[in-house]
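Hi everyone, thanks for coming. Please have a look at the structure on the screen, and then I'll walk you through a few of its parts.

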Amino acid sequence: VDTPPFKEKRFYSSCMYRTTSHDCLNKMITVESIPQDLICQLCSKPFSDPRILPCLHTYCYQCLNNLIEQNEPPQESIQCPACSRCFAIPVTGANSFLQHAHLAFEVEVAAYMSKFVNSSEVSCNFCANGCTDAAMVFCCTCRKFMCSTAEYCHNRVPALLHHSMVKLNKDSASILPTLIKPMEPVCSQSGHKKLELDFYCKTCGYSICRCCMVAHHRDHSVAELSIFAEASRCAMQGSLHRSQQVFTTLTDAINANIRMVHQLETSKQETEVSIGKAFEQLLVKLEERKKALLSDLEATLLSKTMALTLQKEMLEHLQRDIAHCTQATSHTLQTHTDHELVSLGELMSSELNARLEEVESMSLTPNQRTFFAASMQADSVMNEVSKFGTIVELSPSPDKSRCTFKPITMVNTAYHIDVETRTINDEKYPCGGLQVRAELRPKSSKELVASGEVEDHGDGTYAITFLP
């Protein structure tokens, strides 16, 4: 919870602003007729007695008061509805928050301008007798709408001749903000005749009139208001200048963040392509291996088939020989005479017995009794595939990278250099981003001469611009 430096006596507790009353303004203005920056975000109405919180968000006094009172049980702090920052509630409540006098003035001007747009409906509010005649002019000094009679009387008073008078029509509404000036606050202390606050008491922290200075602030640190105003103006200008520098730094950081997101997207797309290529190569290798295994299977089948074919042909040849010998021997036994049997029997028996002995001496079972099976080790391979590939984060490191510079060129009045970053293995860095900084230094002194503006292309290349 932030605790702003509230003081028991505030600037606005001892002064009075000479402005049109809030009730009168509310009758003169509508939400549709003024800019949105003059609308309170709590009540959605034009600001009424606007008060500014330490976070610089502004709300109506009554809205802040309601925000404080609606806390049940009562809280010691108030939360800004816009930024959610919390601030300690002063002892005097919402009245201790600074009044946004200029914002109240802008609401007042907007109210008068809305009357100029609908000038036919405006009545005189200058005459003291309740005049209801149509207003013809507006006095920017008196803040009054006047009928023709009131205008005539006003112009006959010498002390009022320097007042700015404007004809009441739509065309005059645009020049009204340049003619109406904020009224200086005056002292609200009784007996001080509403004197202007020309001095500032640094001890108490608010503006005072000359009578207050003599009567109540004699021993305090008091000086002319213009002196403190000039000091505040210088301090604000310094803060504004610093704010612009910080804002530029934040803008650069935001742009670098956006570039980094773009680089991440680019790196993701490149990584997706790399993953796709790796798996395509893996699929190609698997397909090649599949074809090799099928080719080995065909070759093994052919070898075994040929061996079995040769064995079958040999057995068939023996079978034909035995069949021929058996048929010849049987025919001889049936048809030949004893004399013929004696002469051919020994030959036939010998040949047939030789063939039979040959068959009995050899193995008649197939000489290829093995079958096929594939030993794939699929489980172990799939386990390795599940671990195949990892996603790693690369970060350019100055001691593990090098830069390649292209020739310097002149673009308008600036030096332009194209730089490419590579790893020690001569591979492009896929990203660089926030880690790339360009500095121009002479070889002799090594003192920083200028910092370059770096444009990251997102692919490891950068365009650096130096202003001479």
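Let's start with a small group of rings: Tyr112, Phe116, Phe138 and Phe145 are linked by ring pairs into a cluster. Before going on, a word on the source: this is a predicted model, where local features need pLDDT of at least 70 and side-chain atom pairs count only at pLDDT 80 or more, while totals for chains, interfaces and linings use all residues. Residues are numbered from 1 along each chain as its sequence is written, and side-chain values use heavy atoms, with hydrogens and water left out.

When do two rings pair? Rings of Phe, Tyr and Trp (its six-membered ring) do so if their centres lie within 6.5 Å; planes under 30 degrees apart count as stacked, over 60 as edge-to-face, and the rest as tilted. That rule gives six aromatic pairs. Take Phe116 and Phe138: their ring centres are 5.9 Å apart and their planes stand at 80 degrees, so this pair is edge-to-face. Phe116 sits in helix α3 (residues 101-117) and Phe138 in strand β7 (residues 137-139), so the pair ties together parts 22 residues apart in sequence. Helices (H or I, at least four residues) and strands (E, at least two) are DSSP runs, numbered from the N terminus.

Are these two rings buried or exposed? Phe116 is buried, with a relative accessible area of 0%, and Phe138 is buried with 0% as well. Buried means under 20% relative accessible area, exposed over 50%, and partly exposed in between (1.4 Å probe, protein chains only).

Next, the cores. A nonpolar core is a set of buried Ala, Val, Leu, Ile, Met, Phe, Trp, Tyr and Cys residues joined through side-chain atoms within 4.5 Å. The largest has 21 residues, and Leu53, Leu64, Ile78 and Phe97 have the most contacts inside it. Helix α2 (61-69) is one of the elements that supply at least two residues of this core; its share, four residues, is the largest. Our friend Phe116 turns up in a second, separate core of 14 residues, which also includes Phe145, Val166 and Leu168.

Now for helix α4 (residues 148-155), where Ala150, Glu151 and His154 are buried. They cover an arc of only 100 degrees around the axis, going by the directions from the helix axis to the C-beta atoms, which puts them on the same side of α4.

Last stop: strand β20 (residues 461-466), where five of the six residues are buried. Thanks for listening!
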